[in-house]
Amino acid sequence: MISMARDSSFRNIEYGTYLCKKKRLIYPDIICEGSGESISIVGHADGNFVGRFHTHPHTSFAQSVHDHMGMLEELVQNTHHVECVYGYKDDAIQCVEYRCTPDERRFILKYLPVVKNEDNFKVKFLQLLQKLTVKTRVYTIKELQLVVRS
Ligand SMILES: [Zn+2]
């Protein structure tokens, strides 16, 4: 993840991958390259994936509306999802853990397909996003490098 963050800033393109888990180890799956603006992450190994990671090569780690919508599509399939984003401006990775109840899942399935634009999304989903959030953690690249070395 650190080298993806580095390469992404250097080459000015987005990188992304699904994150998989085996025993206690979380590792990236197939690594996809996007353009400078956006990325679609496709394909992951069966069963054991826990979330996604992608990079923002020139902005912060704040998730875009596009990111949120993609996250919700994953969340309704698994009711649990971790979305990690590297932000160039922060030089850090933010990981947000989400969980949804059956009611929230129904709400998302009903309204997500009819979202027309960003404002429309915010009106419908901004409050819900806060309720779905279990935990937010920020890891700076500096501290991650220390962990890797030790
Ligand atoms: Zn993004």
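## Report on the fold, a helix pair and two backbone exceptions

Read from the N terminus, the elements of the chain follow the order α-β-β-β-β-α-β-β-α-α-β-α. The model is a predicted one. In total the chain holds five helices and seven strands.

**Overall dimensions**

The C-alpha trace of the chain spans about 45 × 35 × 25 Å along its principal axes. A compact globule of 150 residues would have a radius of gyration near 15 Å, and the chain agrees with this because its own value is 15 Å. Of the 150 residues, 25% count as buried. Among the contacts in the chain with a separation of 6 or more, 65% are accounted for by residues 24 or more positions apart.

**Packing of helix 2 against helix 4**

Helix 4 comprises residues 118-132, and helix 2 packs against helix 4 with the axes 11 Å apart and at an angle of about 55°. Helix 2 is therefore oblique to helix 4, since an angle that is neither under 35 nor over 145 degrees, and not within 65 to 115, falls in that class. The crossing of helix 2 past helix 4 is left-handed. On the side of helix 2, the contact is made by Val65, His68 and Met69, while helix 4 contributes Glu118, Phe121, Phe125 and Leu129. Sorted by class, this contact of helix 2 with helix 4 consists of five nonpolar residues, one polar residue and one charged residue.

**Residues with positive phi**

Most residues other than glycine have a negative phi. Thr79 is not a glycine, yet has a positive phi of about 55°. Asp91, likewise not a glycine, has a positive phi of about 45°. The table sets out the phi, the loop and the number of C-beta neighbours for each of these residues.

| Residue | Phi | Loop | Other C-beta atoms within 10 Å |
|---|---|---|---|
| Thr79 | about 55° | between helix 2 (65-78) and strand 5 (80-87) | 13 C-beta neighbours |
| Asp91 | about 45° | between strand 5 and strand 6 (92-99) | 14 C-beta atoms |

Thr79 lies in the loop that joins helix 2 to strand 5, and Asp91 is found in the loop between strand 5 and strand 6. A residue is buried at 20 or more such neighbours and exposed at 12 or fewer. Thr79 has 13 C-beta neighbours inside 10 Å and so counts as partly exposed. Asp91 has 14 other C-beta atoms within 10 Å and is therefore also partly exposed.

Key
Residues numbered from 1 in each chain as written. Predicted model: local features only at pLDDT ≥ 70, side-chain atom pairs only at ≥ 80, totals over all residues. Helix = DSSP H or I, 4+ residues; strand = E, 2+ residues; numbered from the N terminus. Axes fitted to C-alpha atoms, helices over the stretch in contact; angles between N-to-C directions. Left-handed = near helix turned anticlockwise from the far one by under 90°. Contact = placed C-beta atoms within 7 Å. Nonpolar A, V, L, I, M, F, W, Y, C, P; charged D, E, K, R; others polar. Rg over C-alpha atoms; globule rule 2.2 N^0.38 Å.
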